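Welcome! Below is a short, friendly tour of a few spots in this structure. Take a moment to turn the model around before reading on.

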Amino acid sequence: MVNLVIVSHSARLGEGVAELAGQMLHGDGCRLAVAAGIDDPDSPIGTDPLKVMAAIESLADADAVLVMMDMGSALLSAETALDLLDPAIAARVHLCAAPLVEGTLAAAVSAASGAGIDKVMADAMAALEAKRAQLGMAPAAPQTPVPQGEAERSVTVVISNRNGLHVRPASRLVAALAGFDARLALEKAGRRVVPDSINQIALLQVRQNDRVTLLASGPDAEAAIAAFTALAESHFGEDPQAETAAPPLPPRVSGSAVFWPQPGALRERQQAADSDGERRRLQRAIANTLADLEALAARADAQYGADIGAIFAGHRELLDDPELLAAADEMMREQQCDAGWAWQQVMSDMSQQYRQLSDDYLQARYIDIDDLRQRTLDHLDGRRNAIPGFSAPAILVCDDIFPSTVLQLDPQQVKGICLRGGSERSHGAIIARAAGIAFLSQQGEALASLRSGQPLTLDLAAHQLIAD
């Protein structure tokens with residue numbers, strides 16, 4: 001458990017940051033204390049080492065205490081407090097250089113999820129990266145230098161794919177660059193990632209007409225550059241302008257309301273001392289999910305063509321990322337928690353990263369991550385969620401819907417899907433259109449008064465729900 005101390009020159013600022021961070025906390029996974037301002041009515045702006053020491057002591061029952069500071073004397077006061085503290089407490093205190101507001105919010109979310117002090121500090125320090133990326137700025141962290149005496153080669157290409165480097169072309173890029181004895185980085189607008197994970201590539205938010213550069217060094221640098229260039233020239237295996245062919249839909253589609261629950265309520269954390277056993281359980285569940293995705297890809301390919309099949313092939317690549325299992329394994333060992341809770345935290349964090357992207361096509365991929373999370377959790381629990389039959393014509397009404405669920409619907413029974421949230425650019429929407437199923441998202445509170453079996457009409461032209 002990691003607790004947070006907020007040190008600020010201003011009592012108002014300190015309490016305000018604590019109030020914001022408090023909104024991120026659920027349960028008792030993290031506590032906050034504020035040491036802000038000084039007790040001088042005429043000149044209240046400043047910091048007091050004794051206040052900082054008292055705040056730290058009030059939270060000292062945690063594994064670690066992270067101190068967030070605004071500037072100047074806040075750091076000096078925190079350092080003085082460390083000198084005054086009992087050495088056993090001071091040894092568990094960490095001072096963080098992250099920006100006060102963004103860093104505290106990120107640290108609170110991370111600490112509340114059960115992360116250890118290293119992960120909490122790393123998340124706090126990276127808190128500005130999403131804002132920097134959205135504003136088109138280079139990352140604050142310096143890039144890893146090429147070893148001295150080793151030449152770095154690079155090639156820059158312009159992305160022509162209609163939807164940029166989304167999951168499918170990104171998976172082809174990862175596969176094309178795997179196995180080279182080279183240090184590789186993919187760069188867009190000054191931001192670099194290692195292109196060995198489609199999750200990392202997706203977070204670059206590479207759009208159509210963006211310029212990206214592959215940088216390579218090491219024995220196979222030239223070969224990696226050549227493979228990347230050839231793949232880019234083939235548009236990463238896609239027709240850059242093509243869209244999946246879909247049967248035409250009438251402007252209005254009608255049916256009876258059928259409420260479809262979004263599966264997967266948040267799990268409670270369970271203690272589990274046998275972290276090795278939990279890892280093995282999670283490995284088996286992931287393996288079973290990967291097998292599911294192979295079957296889904298084959299079904300999608302047979303029913304709707306290679307483009308739809310590639311969605312689930314891409315999902316397989318997303319899931320078959322060793323960093324995901326490693327992150328869950330680290331959490332299980334550090335927190336002595338069960339595999340289900342650790343997996344939920346890792347995948348929910350990734351889903352949230354997608355939700356925060358500014359590109360609406362990539363942002364819509366959050367539901368893919370949720371789909372993979374839930375399918376793996378179902379395997380952990382030994383559950384199989386079969387799709388029931390419906391009395392035609394049905395309109396499914398739900399908050400959101402997984403792509404794998406849409407694939408398994410019978411378009412002869414289900415005529416439409418109406419979502420409270422969701423996105424028209426999601427893979428579920430793409431599959432629905434390929435199947436000839438009407439898809440309407442972002443209907444919000446229009447769904448609140450509906451009842452099961454009520455006649456509904458989806459007006460696709462007006463993008464609205466009509467309840468009869």
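Let us begin with threonine 47, which, leaving aside its neighbours within four places in sequence, is in contact with Val7, Ser8, His9, Gly37, Ile38, Ser73, Ala74 and Ser77. Please keep in mind that this is a predicted model. Threonine 47 sits in the loop between strand S2 (32-36) and helix H2 (49-58). Is threonine 47 buried or exposed? Its relative accessible area is 14%, and because buried means under 20%, threonine 47 counts as buried. One of the residues that threonine 47 touches, Ser77, also has a polar contact with it: the side chains of threonine 47 and serine 77 are joined at 2.7 Å.

**Two residues with positive phi**

Next come two loop residues whose backbone deserves a look. Asparagine 209 has a phi near 75°, a positive value in a residue other than glycine. Phenylalanine 236 has a positive phi too, of about 55°, although it is not a glycine. Where do they lie, and how accessible are they? The table puts them side by side.

| Residue | Phi | Loop between | Relative accessible area |
|---|---|---|---|
| Asparagine 209 | near 75° | helix H9 (198-202) and strand S8 (211-217) | 56%, exposed |
| Phenylalanine 236 | about 55° | helix H10 (221-233) and strand S9 (252-259) | 1%, buried |

So asparagine 209, at 56%, is exposed, whereas phenylalanine 236, at 1%, is buried.

**Helix H12 and its two partners**

Now for some helix packing. Helix H12 (residues 306-319) packs with H16, and H12 also crosses helix H8 (residues 167-177).

Take H8 first. The axes of H8 and H12 come within 9 Å and cross at roughly 55°, which makes H8 oblique to H12. This crossing of H8 and H12 is left-handed. From H8, the residues Val167, Arg168 and Ser171 meet Asp307, Ala310, Ile311, Gly314, His315, Glu317 and Leu318 of H12. Sorted by class, the contact of H8 with H12 has four nonpolar, three polar and three charged residues.

How does H12 sit against H16, at what angle and with what distance between the axes? The two helices pack at an angle of about 70°, and their axes are 11 Å apart. That angle makes H12 roughly perpendicular to H16. The crossing of H12 and H16 is right-handed. On the H12 side, His315, Leu318 and Leu319 make the contact, and on the H16 side Asp368, Ile369, Leu372 and Thr376 do. By class, the contact of H12 with H16 has four nonpolar, two polar and one charged residues.

His315 and Leu318 of H12 are worth finding in the viewer: they appear among the residues that meet H8, and they are also among those that touch H16.

**A buried arginine in H16**

We stay with H16 for the last stop. Arginine 373 is placed in helix H16 (residues 366-381). Which residues does arginine 373 touch, not counting residues up to four places away in sequence? They are Trp343, Gln344, Met347 and Ser348. With Ser348 there is a polar contact as well, side chain to side chain, at 2.9 Å. Arginine 373 has a relative accessibility of 13%, so it counts as buried.

Notes. Residues numbered from 1 in each chain as written. Predicted model: local features only at pLDDT ≥ 70, side-chain atom pairs only at ≥ 80, totals over all residues. Heavy atoms only, no water. Helix = DSSP H or I, 4+ residues; strand = E, 2+ residues; numbered from the N terminus. Buried < 20%, exposed > 50% of the residue type's maximum accessible area, 1.4 Å probe, protein only. Polar contact = N/O pair within 3.5 Å; in protein donor to acceptor, adjacent residues only side chain to side chain. Contact = heavy atoms within 4.5 Å. Axes fitted to C-alpha atoms, helices over the stretch in contact; angles between N-to-C directions. Parallel < 35°, antiparallel > 145°, perpendicular 65-115°, else oblique. Left-handed = near helix turned anticlockwise from the far one by under 90°. Nonpolar A, V, L, I, M, F, W, Y, C, P; charged D, E, K, R; others polar.
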